[in-house]
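Dear colleague,

I am handing over the structure below, and after it you will find what came out of going through it. Please read the notes with the coordinates open beside them.

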Amino acid sequence: MTLKYYQDNAQTFFDGTVNVDMSSLYEAFTRHLAPGARVLDAGCGSGRDAKAFQEMGYQVEAFDASSAMVELAREHTGLPVKVMSFADVDRKEEFDGIWCCASLLHVPAVELPGVMRRLADALKPGGVWYVSFKYGDGEREVDGRRFTDMDEVRLQGTLKALAFINIESVWKTRDKRPGREEVWLNGVLQKK
C-alpha cells in the first residue's frame, strides 16, 4: 500500500521535499558526529538528506524501498542508493550515525520494535540515531499511505526492549514544507 503510493507518486513527492531546508535538524544530529563519520540514510526518499550529509564530508550510504524514489535519489545525489527495506538491514556496528527522517513512520507499530532493533544493531557503540514521526499515538491510513504516529510516551515504550539505546533528546517541530501544519516528534537516540 505505502510502497505503491511512492512508486506512483515518486516525482511529485521528490519535487515537494527535495528543497526543504532541514538545517536545524541536521545540526541536532551532526553535532554528535566526528568529521568523516559513516552515516546511513534509512528510507532516504528524494535523497535530500543523504546529499546534504555527503556535502558535509560524511561517508554516506542510503536506501529506500521504492525503486522509483531510488532512481530519483541516485540522480540527485550521485550516490549508489540501494533498493531495500528496513527488513533487509543486517549490518552490525558499521555506522556512526543513522538518519530516519519521516521513514520509520510507515512501519506498522507491531513491526517497529524489530525494525528498530535491526537499525540499532547496525549502529556502532556511541553512535547517534535521528528519528522523526508525525506526532500522535495511533495508526492510520491516509491517501494510500500507512502511518504509525508517535508521541514521547509511545517512543519510550517502543524503545523499551532496546536497553542499550538512550533517548538523548526529544522535541516537536512544525512541518517544514510550505502550507503544511503537521506537528512532528523528533528524537536523537544514542547507543551505549
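Ring pairs join Y26, F29, F53, W99, Y130 and W171 into a cluster, and the structure, which is a predicted model, holds ten aromatic pairs. One of these pairs is formed by Y26 and W99, with 5.6 Å from centre to centre and 55° between the planes, and that arrangement is classed as tilted. Since Y26 belongs to helix α3 (residues 23–30) and W99 to strand β4 (residues 95–100), the pair ties together parts that are 73 residues apart in sequence. Y26 is buried, with a relative accessible area of 8%, and W99 is likewise buried, at a relative accessible area of 0%.

F53, a member of the same ring cluster, also appears among the buried residues of α4, which are R48, D49, A50, A52 and F53. The cover over the buried residues of α4 includes α2, α3, β1 (38–42), β2, α5 (67–77) and β4. After α4 comes G57, which has a positive phi near 100°.

Two positions deserve a look for their backbone angles. As background, most residues other than glycine have a negative phi. E93, which is not a glycine, has a positive phi near 50°; E93 sits in the loop between β3 and β4 and counts as partly exposed, at 45% relative accessibility. D143 is not a glycine either, and its phi is positive at about 50°. The place of D143 is the loop between β6 (139–142) and β7, where D143 counts as exposed because its relative accessibility is 68%, against a cut-off of over 50%.

Strand β7 (residues 145–148) includes R145, and R145 is buried, with a relative accessible area of 13%. Which residues does R145 touch, not counting those up to four places away in sequence? They are M1, T2, Y5, Y6, F13, H106 and R140. With Y5 the geometry can be given in detail, as the charged end of R145 sits over the ring of Y5 at 4.4 Å from its centre. With Y6 there is a long separation to note along the chain, where the two residues are 139 residues apart, while the C-alpha atoms of R145 and Y6 are separated by 8.7 Å. A second arginine is placed over a ring as well: R38 lies over the face of F95, at 5.1 Å from the ring centre.

On to the empty space in the model. The largest pocket holds about 930 Å³ of space, and of the 50 residues that line it, the closest to its centre are Y6, G43, A102, S103 and H106. The elements that give two or more residues to this lining are α1 (2–8), α2 (10–17), α4 (48–55), β2 (59–64), β5 (123–134), β7, β8 (165–174) and β9 (183–191). By class, the lining of the largest pocket is made up of 24 nonpolar, 13 polar and 13 charged residues. Y6 and H106, which are among the residues closest to the centre of the pocket, are also among the contacts of R145.

As for cavities, how many of 30 Å³ or more does a search of the whole structure find? The search finds one, and the largest cavity contains about 70 Å³ of space. Its lining consists of L40, E61, A62, F63, K82, M84, V89, R91 and F95, and β2 gives the most to that lining, with three residues. The lining residues of the largest cavity divide into six nonpolar, no polar and three charged. F95, whose ring face has R38 over it, is one of the residues that line this cavity.

Finally, strand β3 (residues 82–83) includes V83, which is partly exposed, with a relative accessible area of 45%. Leaving aside neighbours within four places in sequence, V83 is in contact with D64, A65, S67, V70 and R74. Between V83 and A68, which are 15 residues apart in sequence, the C-alpha to C-alpha distance is 9.2 Å.

With best regards

Methods. Residues are numbered from 1 along each chain as its sequence is written. This is a predicted model: local features need pLDDT of at least 70, side-chain atom pairs count only at pLDDT 80 or more; totals for chains, interfaces and linings use all residues. Side-chain values use heavy atoms; hydrogens and water are left out. Helices (H or I, at least four residues) and strands (E, at least two) are DSSP runs, numbered from the N terminus. Buried means under 20% relative accessible area, exposed over 50%, partly exposed in between (1.4 Å probe, protein chains only). Contact means heavy atoms within 4.5 Å. On a 1 Å grid over the protein atoms alone, a cavity is a set of points where a 1.4 Å probe fits but cannot get out, and a pocket is an open set with protein on both sides within 12 Å along at least five of seven lines; lining residues have an atom within 4 Å of a point. Grid points are joined across faces, edges and corners, and a volume is the space filled by probe spheres set on the points. Ala, Val, Leu, Ile, Met, Phe, Trp, Tyr, Cys and Pro count as nonpolar, Asp, Glu, Lys and Arg as charged, and the others, Gly among them, as polar. Rings of Phe, Tyr and Trp (its six-membered ring) pair if their centres lie within 6.5 Å; planes under 30 degrees apart count as stacked, over 60 as edge-to-face and the rest as tilted. A charge sits over a ring if NZ of Lys or CZ of Arg is within 6 Å of the ring centre and within 35 degrees of the ring normal.
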